Amino acid sequence: MEKVMNMIKPKPNPQQLLRDWQRRLRQECRNIERQIRDIQREEKNVQKAIKDAAKRNDMVSAKSLAMEIVRSRRTVNRLYENKAQLNSISMHLGESVAIARTVGHLSKSAEVMKLVNNLMKAPEVAVTMQEFSKEMTKVGVIEEFVNDALDNALDSEDIEEETEEEVDKVLTAIAGETAAQLPEAVRKEKMKQPAQPAAQEEEAIAEGVDDEEELEEIRARLAKVRS
């Protein structure tokens, strides 16, 4: 019976599909904008914590928190890229509907397929993009494909190599004046201190921070808004 009902059910109008898709794309863009604002607001708290740590000569804590800011800024950059790709999907869908008015049906779009495939690898919008993929495949806008997440994994080593330099830049920008007031030998030793294993790093932070609970709360909030 269900099969018969599907056969007699009228096909969705391209304009109706476009309006629905674009509405959902705009909602995803608003969600991304809200997440970016949350991250940037929490970053201000982390910047203050870095300055306080530097004043105490606690460069281990300052460096660890600077790493959190580096991660957060990378997340923000990725979110801006996601938003731009969502807007591109909306634009290309508009073009597809315009063509459909002439040919009478929605045609496949290689650009939309590429963008949807890329965004299926983004944790923030992966679920929505999977739904879009099913719907667009059903009406013939894109073809069914297998998501391959290897591309991001291949870049992990290069990212790690850049991290140390980025952390130093963040420390210089936020706590540069405070750090410069330290004796030269102490400053160089603390600023260039290699990264510690996670357990040792957490222990060192706890030892060097007057208000450990406040610092951990800041880091937890920043991690939460990044996820």
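# Exercises on an all-helix chain

Buried residues make up 36% of the 227 residues in this chain. Keep in mind that you're looking at a predicted model.

**Exercise 1. How many helices and how many strands does the chain have?**

Step 1: Go through the secondary structure and count. You should end up with 10 helices and 0 strands.

Step 2: Now write the elements down in sequence order. The pattern reads α-α-α-α-α-α-α-α-α-α.

Step 3: Next, look at who touches whom. Take the contacts between residues at least 6 apart in sequence: 78% of them join residues at least 24 apart.

Step 4: Finish with the surface. The chain exposes about 14,200 Å², and carbon and sulfur atoms supply 50% of that area.

**Exercise 2. Is A53 buried or exposed?**

Step 1: Find the residue. A53 sits in helix α2, which covers residues 14-55.

Step 2: Check its accessibility. The cut-off for buried is under 20% relative accessible area. A53 has 1%, so it counts as buried.

Step 3: List its partners. Skipping residues up to four places away in sequence, A53 touches D58, S61 and A62.

Step 4: Look further along the chain. A175 is 122 residues away from A53 in sequence, yet their C-alpha atoms are separated by 9.0 Å.

**Exercise 3. Which residues is T75 in contact with, leaving aside neighbours within four places in sequence?**

Step 1: Locate T75 in helix α3, residues 59-103.

Step 2: Its relative accessible area is 6%, so T75 is buried.

Step 3: Read off the contacts: I39, E124 and R226.

**Exercise 4. Where do the buried residues of helix α4 lie, seen down its axis?**

Step 1: Pick out the buried residues of α4 (residues 110-119). They include V112, L115, V116 and L119.

Step 2: Look down the helix axis. The buried residues of α4 fall within an arc of 100 degrees, so they line one face of the helix.

Step 3: Recall the helix rule. An α-helix has 3.6 residues a turn, so residues three or four places apart point the same way.

Step 4: Turn to the other side of α4, where A110 and K114 are exposed.

Step 5: Ask what the buried residues pack against. For α4, that's α3 and α5 (126-139).

**Exercise 5. Which residues have the most contacts inside the largest nonpolar core?**

Step 1: Find the core, which has 48 residues.

Step 2: Name the ones with the most contacts inside it: I50, I89, L93, M129 and M136.

Step 3: See which elements give two or more residues to this core. They are α2, α3, α4, α5, α7 (156-180) and α10 (212-226).

Step 4: Zoom in on M129. Not counting residues up to four places away in sequence, M129 touches L25, L86, I89, V116, L119 and M120.

**Exercise 6. What does UniProt list for residues 18-56?**

Step 1: Check the record. The unreviewed UniProt entry lists this span as "coiled-coil region".

Step 2: Compare it with the model. Residues 18-56 are 97% helix and 0% strand, and the end C-alpha atoms lie 57 Å apart.

**Exercise 7. Which element has the lowest mean pLDDT, and which the highest?**

Step 1: Start with the whole chain. Its mean pLDDT is 76, and 69% of the residues reach 70 or more.

Step 2: Go element by element. Helix α6 (residues 150-154) has the lowest mean, 44, and α2 the highest, 91.

Step 3: Mark the weak stretches. Over residues 149-157 the pLDDT is below 50, and this stretch has 3 contacts in the model beyond near neighbours in sequence. Residues 182-187 are also below 50, with 5 such contacts.

Notes:
Residues are numbered from 1 along each chain as its sequence is written. This is a predicted model: local features need pLDDT of at least 70, side-chain atom pairs count only at pLDDT 80 or more; totals for chains, interfaces and linings use all residues. Side-chain values use heavy atoms; hydrogens and water are left out. Helices (H or I, at least four residues) and strands (E, at least two) are DSSP runs, numbered from the N terminus. Buried means under 20% relative accessible area, exposed over 50%, partly exposed in between (1.4 Å probe, protein chains only). Contact means heavy atoms within 4.5 Å. UniProt positions are given in the numbering used here, feature names are shortened, and annotations may be inferred rather than shown by experiment. The arc is that of the directions from the helix axis to the C-beta atoms. A nonpolar core is a set of buried Ala, Val, Leu, Ile, Met, Phe, Trp, Tyr and Cys residues joined through side-chain atoms within 4.5 Å. Accessible areas come from the Shrake-Rupley method with a 1.4 Å probe; for residues, only the protein chains shown count as cover. pLDDT is the predictor's confidence in each residue, from 0 to 100.
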